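Thanks for sharing this one. Here are my notes as numbered points, to be read with the structure open beside you.

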Amino acid sequence: MDHARRWKPFWRWEVFLFAVVLVLAMAASLVSRADWPVIGPILTIGLLVLALAAAGALVVPLVLTAGRDSENTRKTLRGIELVPFEEAPTRRIRVLESERRQMSIDAARAKSQGDELVAVLTPDASRWLGRQLRVAVDLVAGDGSIHRAGFVPPELDADLDARLQPLVRERKAATVPATIVDLGGDAVKPLRVEIRL
């Protein structure tokens, strides 16, 4: 089944920003070698400043405590009102790509009592270097820390995003019950996350 996909704008995409930095640095290198007495140094400095600005767009979100990184990972829930997504969740949904987030899931479980947690649904999230926007599932540990567990299935993504965007504008976040399932003997994928919607 073909589901509507949403994409990150190019100026937010890490690959595009890496390419901009690389091209501008190479252009500055070529211009600095040219025999242009006045314009050469000025153009070189301008190109390097633009390259540094693009590099800053990659790095600054990682160090800001209140901001979000390129994956739109929440760093804190301070100032965000948590609201239940639905009053009576009826179905269990397996969180996709949890096999890539084993350390994060394990950290959430270690900081909580048991395997029952609360998860926050985060719209406009993506994988590192990915351009597709999806609804992410972030586990809230017992100490309040947030850990990315994966993404909702694509067939639910568009509907959930439409319902979550108004909450984002009101500085709210939707919560759902989450369960960490220990698969036991499988060393590759020992933990799986399921949410109830």
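1. Let me begin with Arg-134, which sits in strand E5 of what is, please keep in mind, a predicted model. Is Arg-134 buried or exposed? Its relative accessibility is 14%, so Arg-134 falls in the buried class, for which the cut-off is under 20%.

2. What does the side chain of Arg-134 meet in the way of polar partners? A polar contact links it to the side chain of Glu-97, at 2.8 Å. Arg-134 also lies over a ring face, that of Phe-151, 4.3 Å from the ring centre. Both Glu-97 and Phe-151 appear among the residues in contact with Arg-134 once neighbours within four places in sequence are set aside. That list also includes Arg-6, Thr-122, Pro-123, Asp-124, Ala-125, Arg-127 and Asp-157.

3. Now for the strand that carries Arg-134. Strand E5 is mostly covered, with 8 of its 9 residues buried. As a general reminder while you look at the sheet, side chains in a regular strand alternate between its two faces.

4. Which strands pair with E5? One is E4, joined to E5 in the antiparallel sense by 6 bridges. In this pairing Ala-125 is the residue opposite Arg-134, and Ala-125 is also one of the contacts of Arg-134. E4 and E5 make a hairpin with 6 residues between the strands, and Leu-129 in that turn has a positive phi of about 70°.

5. Strand E6 (residues 146-151) is another antiparallel partner of E5, with 5 bridges. Here Val-137 stands opposite Gly-150. Again the two strands form a hairpin, this time with 5 residues between them, and Gly-144 in the turn shows a positive phi of about 90°. Strand E1 (residues 6-7) pairs with E5 as well, antiparallel and over 2 bridges; Trp-7 has Gln-132 of E5 as its bridge partner.

6. On to the aromatic residues, where the count is 3 pairs. Phe-10 and Trp-13 make a tilted pair, with 5.8 Å between the ring centres and 55° between the planes. Phe-10 is partly exposed, at 43% relative accessibility. Together with Phe-16, Phe-10 and Trp-13 form one aromatic cluster. Phe-10 has a charged companion too: Arg-131 lies over the face of its ring, 4.2 Å from the centre.

7. Do look at Phe-18 and Trp-128. Why is this pair called edge-to-face? The planes stand at 80°, with the centres 6.4 Å apart, and the edge-to-face class takes angles over 60 degrees. Phe-18 belongs to helix H1 (residues 14-33), while Trp-128 is in the loop between E4 and strand E5 (132-140), so the pair ties together parts 110 residues apart in sequence. Both rings belong to partly exposed residues: Phe-18 has a relative accessible area of 41%, and Trp-128 has 45%.

8. My last point concerns Gln-113, in the loop between helix H3 (102-110) and strand E4 (116-125). Gln-113 counts as exposed because its relative accessibility is 76%, and the class begins over 50%. Its C-alpha atom is 23 Å from that of Glu-86, a residue 27 places away along the chain.

How values were computed:
Residues numbered from 1 in each chain as written. Heavy atoms only, no water. Helix = DSSP H or I, 4+ residues; strand = E, 2+ residues; numbered from the N terminus. Buried < 20%, exposed > 50% of the residue type's maximum accessible area, 1.4 Å probe, protein only. Phe/Tyr/Trp six-rings, centres within 6.5 Å; stacked < 30°, edge-to-face > 60°. Lys NZ or Arg CZ within 6 Å of the ring centre and 35° of its normal. Pairing = 2+ DSSP bridges. Polar contact = N/O pair within 3.5 Å; in protein donor to acceptor, adjacent residues only side chain to side chain. Contact = heavy atoms within 4.5 Å.
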